[in-house]
Structures are given as structure tokens and as C-alpha cells.
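Here is a short set of exercises on reading helix packing and residue surroundings from a model. Keep the structure open beside you and try each task before you read its solution.

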Amino acid sequence: MAAWSELCGVVVTYHPDEQVTENVRAMVGECGHVVVVDNGSTPAICARLAGIPGVEVIALGENLGVATALNRGARRAVAQGCRWVVTFDQDSRPQPGMIAALQATAEAQPGAAIVVPCVVEPDGSDYRWLRPRPQTRWLFQRIPCRGADLPAVTAAITSGSMVELKTWQELGGFEESFFIDYIDVEFCLRVIRSGRRVAVSSKAKLDHRLGNRAPGVFLGHAFRPMHHQAFRHYYIARNRVRVWRKHAMAVPHWALFDFCFANYNTFRVLAFEDRKWSKLKATFLGTWDGLKGKEGPCPEIRARAFR
């Protein structure tokens, strides 16, 4: 376990279920100290979390978005003299030894400003990491992390990421105008464009569910659609446009992957998910607002259109 002077955890909460208590206890067991930044949950929930030994709660009183909450937590970590912060989602749980494994990878990869664990999904499937093809840098490949660490990948999810606070400060923190979605991707792209790296620790494990995956079969092929709610499709589409404008030319293999994934995800919505029209409408409106440079929370007039 890292010393408090070196590292702390930050978890963003928003009306969590009962399982969050055990998740946060596991985070404290790994990190030693955890800052819970709450985006508008009830006072009772905040009090319950504050009662966990090793937990400090910053109650924002309203939903200010994931990036704002992460930045508040990271600032608190800086104020406490930490060098690293480990960010978590409320529904994630670190497996024993995760932090020690992340630290070992950070020591072995001094150029890494973000070190992340392997994601263990409920169905046991391997998470595959994006990186450029070695011989053709504008093409991409996706590989699992097995055995050895991956010293350089393109992007990582927020949960479980161990972020160097010096780099976080130099790059201006997480992009608060995104509110939710693409926050982790955009920050990772800034990190690699700055000359630092995102590394994956093969021995660090995080229990985490990506979306609300449910298996589906089409023409004999298995798929795992995300089943996001319509409002998430709005933010994904809007913020995708903004990230493309900022990073696509500089990181072409990521842009090619993201374009392919966007179309693949639309197919999964049409083939397997409910409320197809609402989700497609949210995607269209999000893309339109992204082209117009909209940012922050989704306007109520937009939410009513696909609710």
C-alpha cells in the first residue's frame, strides 16, 4: 500500500447504490486514504460514506459533472502533498494488491504519467487495449494485457487510473466542459502528445463493469452491446466531435479506431438495443451540438427531445 504522502484515491459518486460502501472500503484498503467527491447525492449517502475510516467527503451539492469532480479531488490530493492520484468510478472495486502492482509498473516505466490496471469484467472477458500498429502508425490494433506489462497504449478508462499529479497540473487537469464521456480519452491523448505515456500493469486488477453489457447474436456472431441510456449517446456523440477536432490529425490511429467504433456501436444499438429511435436522435443531436461547439450539461430542451 502506498504511503499517504505519495498517493490517495479519488472516487466520484452520484446517487450510488448500497454496494458503494464495500467498494469504497476496498479502495481505502488499497490507497490508504480516499477522497469521495459527491455530485449531488442525498446528505444521508454522504454521511454514510464519510463514516468509513480513511474517507474524506467533498459534497458538491449538485451534479457538476465527472471532470469537475475529478479535478476537485485531484486538487485535494495536491494540497495533501501527494504525487499520484488513483481515480475510481463508484461501481468499481480494486482487487487486493492493485496499487502495489501499479506502483511497480510506474517504477519500471518512468516515462508513464498514467498507469492503469487490467479491467476484469463480470463475464471474465479480456479488455483489449488500443495502440498503433508497430509498422504502420496510422493504423490501430487492440490487444489484451497478458503476462507482461504494456508500456504504451493510447487510452484508458478513468476507473483505476493512477495519474501523476505533476502532469495533471501541467496539462490543466481534466476537461470540465465535457461533463461526462470522453474525459478519460481526451486526457490520455493530451498525455501522449506531451511526450509521456499510458502504461498497463498486467498484475494490477480492477473489477469493473463497462456499461450495461448484455450478449447478443447476429448471423452467428456474438456481440456485447453497451445498452447505455439515451442521454449518454448525446454526450458521447457531442464530445467525440470535439475530441476529433482537437486530436484526430495528431493521433490518426486513434481517430481511425474511434470512427470504426462509432459505426460499430450504432450497429449494435440498431441490432440489439431498445429505444433505438431515442438513442439515434440523441446521437444526431449530440453530433450537431458538437459541431456547434456546445459544452457543459445537456440542455433540458435537448433532453426532452430524446427522453
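The exercises below deal with helix pairs and with single residues in this predicted model.

**Exercise 1. How are the axes of α7 and α8 arranged, and which residues meet there?**

Solution.
- Step 1: Begin with the axes. Those of α7 and α8 come within 12 Å and cross at roughly 160°.
- Step 2: Turn the angle into a description. Angles over 145 degrees count as roughly antiparallel, so α7 is roughly antiparallel to α8.
- Step 3: Add the handedness. α7 and α8 cross in a left-handed way.
- Step 4: List the partners. From α7 come His233, Arg240, Val243 and Trp244, which meet Trp254, Asp258, Phe259, Ala262, Asn265 and Val269 of α8.
- Step 5: Sort the residues of this contact by class. There are six nonpolar, two polar and two charged residues where α7 meets α8.

**Exercise 2. Describe the surroundings of Asp258, and decide whether Asp258 is buried or exposed.**

Solution.
- Step 1: Locate the residue. Asp258 is part of helix α8.
- Step 2: Check the accessibility. Buried means under 20% relative accessible area; Asp258 has 4%, so Asp258 is buried.
- Step 3: Look for contacts beyond the neighbours within four places in sequence. Asp258 is then in contact with Tyr182, Arg240 and Trp244.
- Step 4: Take one of these partners further. Arg240 and Asp258 are 18 residues apart in sequence, and their C-alpha atoms are 8.4 Å apart in space.

**Exercise 3. What are the lengths of α7 and α8, and what spans are expected for them?**

Solution.
- Step 1: Take α7. Its 18 residues reach 26 Å from the first C-alpha to the last, close to the 26 Å expected at 1.5 Å a residue.
- Step 2: Take α8. Its 21 residues should span 30 Å at 1.5 Å a residue, and the end C-alpha atoms of α8 are 30 Å apart, so the two values agree.
- Step 3: Now ask how covered these helices are. In α7, 13 of the 18 residues are buried, which leaves this helix mostly covered.
- Step 4: For α8, the buried residues are His253, Trp254, Ala255, Phe257, Asp258, Ala262, Asn265, Arg268 and Val269.

**Exercise 4. At what angle do α8 and α9 pack, and how far apart are their axes?**

Solution.
- Step 1: Find the helices. α8 covers residues 252–272 and α9 covers residues 276–291; they pack at about 160°, with axes 9 Å apart.
- Step 2: Name the arrangement. At this angle α8 is roughly antiparallel to α9.
- Step 3: Give the handedness. The crossing in which α8 passes α9 is left-handed.
- Step 4: Read off the contact. Thr266, Val269, Leu270, Ala271 and Phe272 of α8 meet Lys276, Lys279 and Leu280 of α9.
- Step 5: Classify these residues. The contact of α8 with α9 has five nonpolar, one polar and two charged residues.

**Exercise 5. Which way does α6 run relative to α7, and which residues join them?**

Solution.
- Step 1: Start from the geometry. The axes of α6 (residues 183–193) and α7 (residues 230–247) come within 11 Å and cross at roughly 10°.
- Step 2: Interpret the angle. Under 35 degrees counts as roughly parallel, so α6 is roughly parallel to α7.
- Step 3: Name the residues. Glu186, Leu189, Arg190 and Arg193 in α6 meet Val243, Lys246 and His247 in α7.
- Step 4: Count the classes. Where α6 meets α7 there are two nonpolar, one polar and four charged residues.

**Exercise 6. Where do Glu175 and Asp181 lie, and how accessible is each?**

Solution.
- Step 1: Place both residues. Glu175 is in the loop between α5 (165–170) and α6, and Asp181 lies in the loop between α5 and α6.
- Step 2: Compare their accessibility. Glu175 is partly exposed at 24%, whereas Asp181 counts as buried at 13%.
- Step 3: Find the partners of Glu175. Apart from neighbours within four places in sequence, Glu175 is in contact with Ala67, Ile183, Glu186 and Arg190.
- Step 4: Check the backbone of Asp181. Its phi is positive, about 75°, although Asp181 is not a glycine.

Notes:
Residues numbered from 1 in each chain as written. Predicted model: local features only at pLDDT ≥ 70, side-chain atom pairs only at ≥ 80, totals over all residues. Heavy atoms only, no water. Axes fitted to C-alpha atoms, helices over the stretch in contact; angles between N-to-C directions. Helix = DSSP H or I, 4+ residues; strand = E, 2+ residues; numbered from the N terminus. Parallel < 35°, antiparallel > 145°, perpendicular 65-115°, else oblique. Left-handed = near helix turned anticlockwise from the far one by under 90°. Contact = heavy atoms within 4.5 Å. Nonpolar A, V, L, I, M, F, W, Y, C, P; charged D, E, K, R; others polar. Expected span 1.5 Å × (residues − 1). Buried < 20%, exposed > 50% of the residue type's maximum accessible area, 1.4 Å probe, protein only.
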